[in-house]
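Let's take a friendly walk through this structure, beginning with its strands and ending with how its chains relate.

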Number of protein chains: 2
Amino acid sequence: MVEQWSDRWSRRGRMAASVTRPSRTPVEGLVSFNYGDPDADSLPLNEMVEAAEYLAENRRVDALGYQDPVRGDELNEALAEKLRRDQEIDATASEILVTTGAAGGLSLLCDMLIDPGDVVLADGPAWMGATNMFRLSGAETINVELDDDGLDPALVRTKLDELESQGTRPKFLYTIPTFQNPAGVETSLERRKGLAQLADERGLLMVEDDAYFDLRFSGEKKPTIYSLSRGGNVLFFGTLSKTIAAGLRLGYMVGPEDVVQTFVRGRVDSLRNSYSAALADWYLRSGKLQTHMEELREIYAKKCHHMLAALEREMPEGCSWTKPNGGFFCWVTLPEGCNAAEMLPQCVEAGVQYIPGTGFYSDGRGERNLRLSFSALNEDQIDTGIARLAAQTRAAMSVAT
Amino acid sequence: MVEQWSDRWSRRGRMAASVTRPSRTPVEGLVSFNYGDPDADSLPLNEMVEAAEYLAENRRVDALGYQDPVRGDELNEALAEKLRRDQEIDATASEILVTTGAAGGLSLLCDMLIDPGDVVLADGPAWMGATNMFRLSGAETINVELDDDGLDPALVRTKLDELESQGTRPKFLYTIPTFQNPAGVETSLERRKGLAQLADERGLLMVEDDAYFDLRFSGEKKPTIYSLSRGGNVLFFGTLSKTIAAGLRLGYMVGPEDVVQTFVRGRVDSLRNSYSAALADWYLRSGKLQTHMEELREIYAKKCHHMLAALEREMPEGCSWTKPNGGFFCWVTLPEGCNAAEMLPQCVEAGVQYIPGTGFYSDGRGERNLRLSFSALNEDQIDTGIARLAAQTRAAMSVAT
């Protein structure tokens, strides 16, 4: 009997079978709070035509050719300007690597830093997209608990010491400090300073994913951990998926030039999508991004407030939830005795869907939690969905008691 | 002294420093035969405007949102139709994975199949982009020599037996059967049948990269190894980079549905570029691709014949080169005693650049070879470049004798 090639997957290939990837195809009649998809009506289809016309009129053949992912000009330059203006990040165009979505950048980070058996620290709860990548790369994720003020550097320090006493040193700490996915909270200024200091003091790489920074609709703007650190120990990841369009697959990483250059050489498929990049470059330079971000903040503020009002109105006593100042997500805690994963099949039956909290921890925590995303839904859907969720929660509570 | 994170790269990260990635920025006065970049003047900037208008008029918001890389419709369906018509490949839309360029697909293949220490077989010479990926993934590449009829299954069989007697089984065989990069040759029908049979008989995965299939300007069309095999042992890789635009970063892999689905789960950043995909979908469905391919065949035929004539006219006796029926590349053999890598600095000084043959082997072969790409240059550049190359070859020959 000949051994078949298909019995000889790599370590990662064998793992791939165990990764869940729920379909993104909408189901008739089901209100899904699952995905952080942008508001569909506001997607800039017409502006993309304008951008394409600009590229054609100016015979920008480079936009349809192969391009290096790091350049001193074009989108890298436009992003450097945007980061200086909005995020107060001082970076040159050559310190910016344009990636295939932020996910492409984070995957590359895993390739460059993780060997099987490594340990990484992450928010608790943490975005499952990132922790899935860490797992596929062979790393174990240890969650450090968040509270309403985000990630506490004191808890990180304790965890580092504890691990060090066991001879383990995490490869990096992954955190979303602003409108965290899934928790919806933001890390306070004081704590950001503490995290920056900790990174510098311990030589710990801080991976700052700031996908939602530009979507603040209340509260005071806070500086990034990147801009608070002495430099070299924070890699900053951003995306245009939430503010222009996810379909363009454009993210970026900001870090020291030599780190950026090593990342570029780490994968042969790291060439940028030149056409997407040129469309986005036009969008940034024409000032459209600034105007569009203003519109988006209003759109998401309305959706978020509508959902918070619905939760307040519908949910039974004993439930609580975070009150986001921006972003796409809200984190719900059910009463003692409830289990969000166990409740899910009945919820789907009743026409509402969410992601259970346990998916955002690597250690079984989050049983009583669930993530709700309000970004893609309209007000009617939100009302219907929350009413269904509340009814199912009541049903579960009556069984629990 | 605190250990810094930057001293703790992964195996792959440490390797990244040793990968060379020459800049794609053109140098004034230098004729570069280095890159297989498409002809710039024919890039469809205006058609992209038409496609963008179509998407805007039809409110195709899905084209700016997140999309799964495998779908039963849209670009997958258009590609299935194209493959049936042009390549005689019979595949359903769900057997097609849209990737970030063919390079994205091949990288994913490495992730799914290669563990450090593995061995893979490849053409000799082989495309360095692919062998660089194999190396970054930790595999050793063993080259099986090509001749004017392409890759010989008998040589592959001998190599397999030899390796097996040492207890080694290659993870796959990587080959470009049509207008091979760098050699410019094509594998004969008889040999394609032999390779398909070998794959089925040995359970050996055949990775068929057919980037240049659509750019034939002479000779008879040959079936793919994929369509000649019983099925399941060949993965077919294609790209729209050469026939629409490299800047869209669209490639595709064709294989059994379960393999395709495992690949999708192997990386979290495998979501497709929805906007690029929708633009390309329009391009295929409108019939533009067919017309454009006809134009491109004429353009590249002219360039190739112009270069072959220049080689014939200029190069000293004792040099030989392949006579491509399509594609972008021609492979030159210099006379005994010449060394293409050693000659390169003087060539660059004299204003001409090529890639030395040793870069396409993992074992030091190819000393007397060099790759010339004619795809991106105009006739004047080709004339000037070949005259310079001929003069430098003469100079090297006079030193060698």
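## A parallel pair and its crossover

In this predicted model, strand β3 of chain A, residues 119-124, lies parallel to strand β4 of chain A, residues 140-147, and six bridges pair them. If you would like a place to start looking, try A:D123, whose bridge partner in β4(A) is A:V144.

How are these two strands joined to helix α5 of chain A? Helix α5 covers residues 128-136, and together with β3(A) and β4(A) it makes a β-α-β unit that is right-handed.

## On to the hairpin

β4(A) has another pairing to show you, with strand β5 of chain A, residues 150-151. Here the strands run antiparallel and are joined by two bridges. One position to find is A:D147, which stands opposite A:G150 in β5(A).

How many residues lie between β4(A) and β5(A) in their hairpin? There are two residues between these strands.

## Two chains, one axis

Now for the pair of chains. A turn of 180 degrees, with a shift of 0.0 Å along the axis, lays chain A on chain B with an RMSD of 0.0 Å. That is the relation of a two-fold axis. To locate the axis from chain A, go to A:V49: its C-alpha is the nearest one in that chain, 3.1 Å from the axis.

Which surface does each copy use to meet the other? The copies meet through the same surface, because 100% of the interface residues of chain A are also interface residues in chain B.

How values were computed. Residues are numbered from 1 along each chain as its sequence is written. Chains are lettered from A and ligands numbered from 1 in the order in which they are written. This is a predicted model: local features need pLDDT of at least 70, side-chain atom pairs count only at pLDDT 80 or more; totals for chains, interfaces and linings use all residues. Side-chain values use heavy atoms; hydrogens and water are left out. Two strands pair if DSSP finds at least two bridges between them. Helices (H or I, at least four residues) and strands (E, at least two) are DSSP runs, numbered from the N terminus. A crossover is right-handed if, with the strands pointing away from the viewer, the path from the first strand over the helix to the second runs clockwise. Copies are superposed by least squares on the C-alpha atoms of residues with pLDDT of at least 70 in both. Contact means heavy atoms within 4.5 Å.
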